[in-house]
Amino acid sequence: MPTLFAKIIRGEIPSDTVYRDDRVTAFRDINPVAPVHILVVPNKVIPTVNDLTQDDEALVGHMVLVAKHLAAKEGIADDGYRLILNCNAHGGQEVFHVHVHLIGGRPLGPMVQRK
Ligand code: AMP
């Protein structure tokens, strides 16, 4: 079964795509938690961070550099932002196609709520 994000990348589900190249696609999160909330997704399906291999090293670096580029383009680089990769249940992962969340545009507070 193709993932939701694979369908978005193939244009089968509409999205607000802000960046695309031969390795990654970036689009705005449908349920943003901040004024800027963009997902940077590899064009090939990798379910979770646990599934990354040494062969994906350059791809993961590229995802971060694309996020950096988009942060500058969105005008949030100087104030700052957060990059997040959620993995599996305790990480709160909902879509099993690795993605970097680029979140910013307001102060984001502590990284994780203390219990
Ligand atoms: P995660 O919990 O890290 O797997 O994040 C999945 C993200 O995908 C959530 O922030 C959702 O709001 C977002 N999302 C789900 N469906 C869509 C969609 N159709 N277009 C854009 N973002 C989506």
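Let's start with helix H3, residues 88-91, because Asn88 lies in it. This is a predicted model, so keep that in mind throughout. Look at the backbone of Asn88. Its phi is near 60 degrees, a positive value in a residue other than glycine. Most residues other than glycine have a negative phi. What about exposure? Asn88 has 30% relative accessibility, so it counts as partly exposed.

Now the strands. Find S3, residues 36-42. How many of its residues are buried? Seven of the seven, so S3 is largely enclosed by the rest of the structure. Follow the side chains along the strand. Val36, Ile38, Val40 and Pro42 point one way. His37, Leu39 and Val41 point the other way. Whichever way they point, all are buried.

Which strands pair with S3? One is S2, residues 24-28. S2 and S3 run antiparallel, with five bridges. To find your place, look for Ala26, which stands opposite Val40 in S3. Another partner is S5, residues 100-104. S3 and S5 also pair in the antiparallel sense, over five bridges. Here the marker is Ile38, which stands opposite Leu102 in S5.

Stay with S2 for a moment. Val24 is found in this strand. Is Val24 buried or exposed? Its relative accessible area is 0%, so Val24 is buried. Set aside its neighbours within four places in sequence, and look at what else Val24 is in contact with. The list includes Val40, Val41 and Pro42. It also includes Leu59, His62, Met63 and Val66. One distance to try on screen: the C-alpha atoms of Val24 and Asp56 are separated by 12 Å. Those two residues are 32 residues apart along the chain.

Next is Thr25, also found in strand S2. Thr25 has a relative accessible area of 1%, so it is buried too. Which side chain does Thr25 make a polar contact with? The side chain of Asn43, at 2.7 Å. Beyond its neighbours within four places in sequence, Thr25 is in contact with several residues, including Ile9, Thr17, Tyr19 and Arg20. Leu39, Val40 and Val41 are among its contacts as well.

One more stop on S2: Phe27. A search of the whole structure finds one aromatic pair. It joins Phe5 and Phe27, with ring centres 5.3 Å apart. Stacked or edge-to-face? The planes sit at 75 degrees, so the pair is edge-to-face. Phe5 lies in helix H1, residues 4-9, and Phe27 in strand S2, so the pair ties together parts that are 22 residues apart in sequence. Both Phe5 and Phe27 are buried.

Last, the ligand. There are 16 residues around it. Which of them come nearest? Asp29, Asn86, Glu94, His99 and His101. Zoom in on the polar atoms. A polar side-chain atom of His99 lies 2.8 Å from an oxygen atom of the ligand. His101 also places a polar side-chain atom 2.8 Å from a ligand oxygen. The backbone takes part in this list too: a polar backbone atom of Ile30 is 3.1 Å from a nitrogen atom of the ligand. How much of the ligand does the protein bury? Taken alone, the ligand exposes 510 Å², and the protein buries 87% of that.

To recap: S3 is largely enclosed by the rest of the structure. S3 pairs with S2 and with S5. Phe5 and Phe27 form the one aromatic pair. That's my tour.

Key. Residues are numbered from 1 along each chain as its sequence is written. This is a predicted model: local features need pLDDT of at least 70, side-chain atom pairs count only at pLDDT 80 or more; totals for chains, interfaces and linings use all residues. Side-chain values use heavy atoms; hydrogens and water are left out. Buried means under 20% relative accessible area, exposed over 50%, partly exposed in between (1.4 Å probe, protein chains only). Helices (H or I, at least four residues) and strands (E, at least two) are DSSP runs, numbered from the N terminus. Two strands pair if DSSP finds at least two bridges between them. A polar contact is a pair of N or O atoms within 3.5 Å; within protein, one must be able to donate a hydrogen and the other to accept it, and residues adjacent in sequence count only if both atoms are side-chain atoms. Contact means heavy atoms within 4.5 Å. A residue is near a molecule or strand if one of its heavy atoms lies within 4 Å of it. Accessible areas come from the Shrake-Rupley method with a 1.4 Å probe; for residues, only the protein chains shown count as cover. Rings of Phe, Tyr and Trp (its six-membered ring) pair if their centres lie within 6.5 Å; planes under 30 degrees apart count as stacked, over 60 as edge-to-face and the rest as tilted.
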